[in-house]
Amino acid sequence: MKKARGARSYKNLPGKLIIVEGCDGSGKSTQIYLLKKWLESKGYFVFFTEWNSSDLMKKYTKKAKRKNLLTPTTFSLIHASDFADRYEKLIQPHLRAGHIVLADRYIYTAYARDIARGCDAEWLRNLYNFATKPTLAFYFRAPLEISLSRILTGRDEIKYHEAGMDLGLSKDPVESFKLFQGIIKEQYDHMAAIEGFTIMDATKSIEEQQVEMRQIVEKALVNYSSPINCAKEIQSKIMVSIKQAEG
Amino acid sequence: MSVTDNLYYGIGLPYLKLDRMTLSGKLIVIEGADCSGRSTQVALLKEWLESNGHAVLDTGLRRSDLVGEAIEEAKKGHTLGKKTLSLLYATDFADQLENKIIPAMKAGYIVLADRYIFTLMVRDLVRGADKAWLRELFGFALVPDQIFYLSLEPDTLLHRALLKYGHLDYWESGMDVCLSSDMFDSFTRYQTDLKDKFDELDLDYGFDKIDGTRSPDEIQDYIRKKVSVLLKKKMPVISKDR
């Protein structure tokens, strides 16, 4: 008997989780930033979180990377610890409270990178099965040459793990980075249908992409009402009734 | 007894491409609660093995450079989620396994592990983790050649803990599980739960269960007998003149 694998939809989470994925240089961070601005301008409370940013784990992960102490499994587990810390402390409580959570990269980043490093796909799906399936998962897809040129222009060096140097693909960091990003892209393309990604054409203009993204998000939020807005409504009703009573 | 001939409990470490032949050493695990006498047994066994000409590496949990500090920091703050703590321990264990245990076994060492994945699993199980999730998570662990489990009643552990430390420890009493706000009461209930989970894992993984109330010498004799058989079966006898 095989259990359900990977992320599931947990029913006790009334909030909305919107995440972006894609290769480095795909423009996804810009897009989610603009989405956040828009949602906030509409009066929603929005919580934002990004990959590899747990207060607890950040410094240890950095140190481990600097000292080059990581194997594919410990690389995977240390990032899973970072994610779990953010998930348990930040993402899940906000979703339980009914808020909108935006995440720059989610478990699919781990799937793509760790599989590229030689971890087993099924093992990874089990590892992350405590994480809820996003309401919307945007995948910013661009031809490899485009994301590569975006990331490689104006940069003198690429970090060891960022370039996937630990995979031993090439001794040249730039060459290694290209090969590594190619494998990551293959993983994303492979996951797109299985995980139900909303695919975005990352070659379009920033504005075009943002318009499209906002339309899709708007549809997903049709039946959503922010608990904080509700609270405001109730509050104003209470205030009105108090005034009436006083009057 | 462990009957599996598999190298790993699950998917293993696919990228290492290991097989039994490349691991000429042995892996011997001693499991048991805090104050069950594990460390004494490991020290005695190490002494005996080395005097017989075997190279020994003793290793335990939470001693790695990788996330050892993170675990300490997190426990001080008591603000860690359950999943985060179990993944931190798993990270630490994986680090020990890949950077200490496996290289030593390749070099023909006898590795004595003072606790292994089973301690990590029972801790998580008591905190409500899903057993299937844990089994698969720790599927990268090597199957040891022998697993000794020192079994003791919580009541005995309580007296030993008080004798040894003079007080009960927050974590060993499982205070974070919120079984009771009273530490004395919590200790007994927590240690009872751990023991039940160890017994449950025994059915799945096959431990060599030892009555921890026997004298340290008696227990050591038993362990040495078992280890002798293990070494004779698969290793050249190095030293005959004792």
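Okay, quick one from me: which residues touch the most other members of the largest nonpolar core? In this predicted model, the answer is Ile107(A), Tyr128(A) and Val111(B), out of 123 residues in that core. As for where the core comes from, helix 3 of chain B, residues 82-106, gives the largest share, eleven residues.

Let me stay with Tyr128(A) for a second. If you ignore neighbours within four places in sequence, Tyr128(A) is in contact with Gly6(A), Ala7(A), Ala80(A), Ile107(A) and Ala110(A). And yes, Ile107(A) is on that list as well as among the residues I opened with.

Next up, the interface. On one side you have 26 residues of chain A, and they're in contact with 27 residues of chain B. On the chain A side, helix 2 (58-66), helix 3 (72-96) and helix 5 (121-127) each put in at least two residues. Helix 3 of chain A brings the largest share there, eleven residues. What about the chemistry? That side of chain A splits into 13 nonpolar, seven polar and six charged residues.

Now over to chain B and its sheet. What's the strand order? Five strands make an open sheet, running 2-3-1-4-5, with parallel pairing. The edges are strand 2 (56-60) and strand 5 (208-211) of chain B, each of them paired on one side only. From one strand to the next, the twist averages 20°.

Zooming in on one pair: strand 1 (residues 26-32) and strand 3 (residues 110-114) of chain B run parallel and are joined by five bridges. If you want one to click on, Val29(B) has Ala113(B) as its bridge partner in strand 3. Helix 3 of chain B, the core contributor from earlier, packs on this sheet and touches strands 1, 2 and 3 of chain B. Its direction makes about 160° with that of strand 2 of chain B.

Last stop, helix 7 of chain B, residues 183-205. With 23 residues, helix 7 reaches 31 Å from first C-alpha to last, close to the 33 Å expected at 1.5 Å a residue. Its buried residues include Phe187(B), Leu194(B), Phe198(B) and Leu201(B), but also Ser186(B), Thr188(B) and Gln191(B). What do the buried residues pack against? Helix 4 (117-126), strand 4 (146-151) and helix 6 (154-165), all of chain B. And just after helix 7 of chain B comes Gly206(B), with a positive phi of about 75°.

That's my tour; happy to rotate the model if anyone wants another look.

Notes: Residues numbered from 1 in each chain as written. Chains lettered and ligands numbered in written order. Predicted model: local features only at pLDDT ≥ 70, side-chain atom pairs only at ≥ 80, totals over all residues. Core = buried A, V, L, I, M, F, W, Y, C linked by C-beta atoms within 7 Å. Buried ≥ 20, exposed ≤ 12 C-beta atoms within 10 Å, placed from the backbone. Helix = DSSP H or I, 4+ residues; strand = E, 2+ residues; numbered from the N terminus. Contact = placed C-beta atoms within 7 Å. Nonpolar A, V, L, I, M, F, W, Y, C, P; charged D, E, K, R; others polar. Expected span 1.5 Å × (residues − 1). Pairing = 2+ DSSP bridges. Axes fitted to C-alpha atoms, helices over the stretch in contact; angles between N-to-C directions.
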